[in-house]
Amino acid sequence: MAVVRVAWAPRQAVAPGPSKGGILRRVVGPDNVTSRILIPQIILSRIMLRVGLTGGIGSGKSTVRDLLARKGAGIFDADKVARRLMQEDATVRAALEQVLGPKAWLADGTLNKTLIADRIFGDAEVRDAVNGIVHPAVQAAFEDDARAAQKRGVRVFIREAALLPSSDQRKRLDRVVAVLAPRAVRLERVQARDGMTVAQVEERMQSQPSESAYLAAADDVIRNDGTRAQLEQRVDELWEAWLTPHAT
């Protein structure tokens, strides 16, 4: 399939999500098929590319993040920042206590991760309430870090998060990349990594977006269903597509 040169537009001109006629997509997977591709020519631009990186539990999202960091991408780990804010930010903590109760923190002030996970993954209403408190604070931190990264000359800044970006967050991103893997592979990975039961992993999967939702939201897709070497190659291909203008 021919790769079409498409000039990259500044953030304000990019419509949220993959629109039917505009946002184009690159799928990097085992068949090496490229379907619809947008080449952001940021080498010719002074605007830093902001990329949302997402994927469900066990997909390999964090591995892709680390590979991108090795290439020089700036990284904002939204989930890690969220945990820090939940633990240290007085305003966020006070609001969360109204939803989760005082036992959401241990005696030493750290998060009671087991209790919080049980509440969030077991009750959609609680999950939505927590997200409504934490997400705005995380977004403010992202904007601060993104501005600092751009001043340092970073060309690509990654916002990593398991959840899909909200409509407001999407407007502040130039691309969204979804990392996908087969369900059985994800189950095996998480069980080996975290020592969880199949039921526990499946409960967390069910609380996250479906594969079709990730596909609908993504501009670029990485299929993580092979070896580590294959994953590295797919990340290399996507990085090159972001940074290198291609001829028709």
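These are my notebook entries on the strands, helices and charged pairs that I looked up in a predicted model.

**Entry 1: strand β2**

I began with β2, which spans residues 49-54, and asked how many of its residues are buried. The count is 6 of the 6 residues, so β2 is largely enclosed by the rest of the structure. I then sorted the residues by direction and noted that Leu-49, Val-51 and Leu-53 point one way from the strand, whereas Arg-50, Gly-52 and Thr-54 point the other way, with all of them buried.

Next I looked up the strands that pair with β2. With β4, the pairing is parallel and runs over 5 bridges, and within it I found Leu-49 matched to Val-156 as its bridge partner. With β5, which covers residues 175-180, the pairing is again in the parallel sense, over 4 bridges, and here I noted Gly-52 standing opposite Val-176.

**Entry 2: the charged residue in β2**

Arg-50 is a charged side chain in this buried strand, and I wanted to know which residue it meets in a salt bridge. The partner is Glu-143, at 3.1 Å from N to O. This pair links distant parts of the chain, since Arg-50 lies in β2 and Glu-143 in helix α5, 93 residues apart. I checked the burial of both partners, and both Arg-50 and Glu-143 are buried.

**Entry 3: a network around Arg-65**

By the rule applied here, the model holds 16 salt bridges, and I followed those made by Arg-65. One of them joins Arg-65 to Asp-77, with 3.3 Å between N and O; the pair connects helix α1 (residues 61-70) to strand β3 (residues 74-77), the two residues being 12 apart in the chain. Another joins Arg-65 to Glu-160, where the closest N and O atoms are 2.9 Å apart. That second pair also links distant parts of the chain, with Arg-65 in α1 and Glu-160 in strand β4 (residues 156-160), 95 residues apart.

Where do these salt bridges lead when shared partners are followed? They join Lys-61, Arg-65, Asp-66, Asp-77 and Glu-160 into one network. I also looked up accessibility for three of the members, for which the cut-off for buried is under 20% relative accessible area. Asp-77 has 18% and is therefore buried, Arg-65 has 17% and is likewise buried, and Glu-160, at 1%, counts as buried too.

**Entry 4: a charged residue without a salt bridge**

I set Arg-127, which is placed in helix α5, beside the previous cases. Arg-127 is buried yet has no salt bridge, and the nearest side chain of opposite charge, that of Asp-128, is 5.0 Å away. The salt-bridge rule asks for N and O within 4 Å, so a separation of 5.0 Å falls outside it. I then asked what Arg-127 is in contact with, leaving aside its neighbours within four places in sequence, and found Ile-120, Phe-121 and Ser-207.

**Entry 5: helix α8**

Ser-207 led me to α8, residues 198-207, where the buried residues are Val-201, Arg-204, Met-205 and Ser-207. They cover an arc of only 165° around the axis, which puts them on the same side of α8. The face turned away from that buried side carries the exposed residues Ala-199 and Gln-206. I noted that the buried residues of α8 pack against α4, α5 and α7, the last of these being residues 183-194.

**Entry 6: helix α3**

I turned last to α3, residues 90-100, and listed its buried residues as Val-92, Leu-96 and Leu-100. Why do they fall on the same side of α3? They cover an arc of only 50° around the axis, which places them there. As a reminder to myself, an α-helix has 3.6 residues a turn, so residues three or four places apart point the same way.

The face of α3 turned away from its buried side carries the exposed residues Ala-90, Thr-91 and Gln-98, while the cover over the buried residues includes α2 (78-88), α4 (113-122) and α5 (124-151).

I also examined what lies at either end of α3. At its start, a side-chain oxygen of Asp-89 reaches to within 3.0 Å of the backbone nitrogen of Thr-91, and just after the helix Gly-101 takes a positive phi of about 85°.

Note on methods
Residues are numbered from 1 along each chain as its sequence is written. This is a predicted model: local features need pLDDT of at least 70, side-chain atom pairs count only at pLDDT 80 or more; totals for chains, interfaces and linings use all residues. Side-chain values use heavy atoms; hydrogens and water are left out. Buried means under 20% relative accessible area, exposed over 50%, partly exposed in between (1.4 Å probe, protein chains only). The arc is that of the directions from the helix axis to the C-beta atoms. Contact means heavy atoms within 4.5 Å. A polar contact is a pair of N or O atoms within 3.5 Å; within protein, one must be able to donate a hydrogen and the other to accept it, and residues adjacent in sequence count only if both atoms are side-chain atoms. Two strands pair if DSSP finds at least two bridges between them. Lys and Arg count as positive and Asp and Glu as negative; His and the chain ends are not counted.
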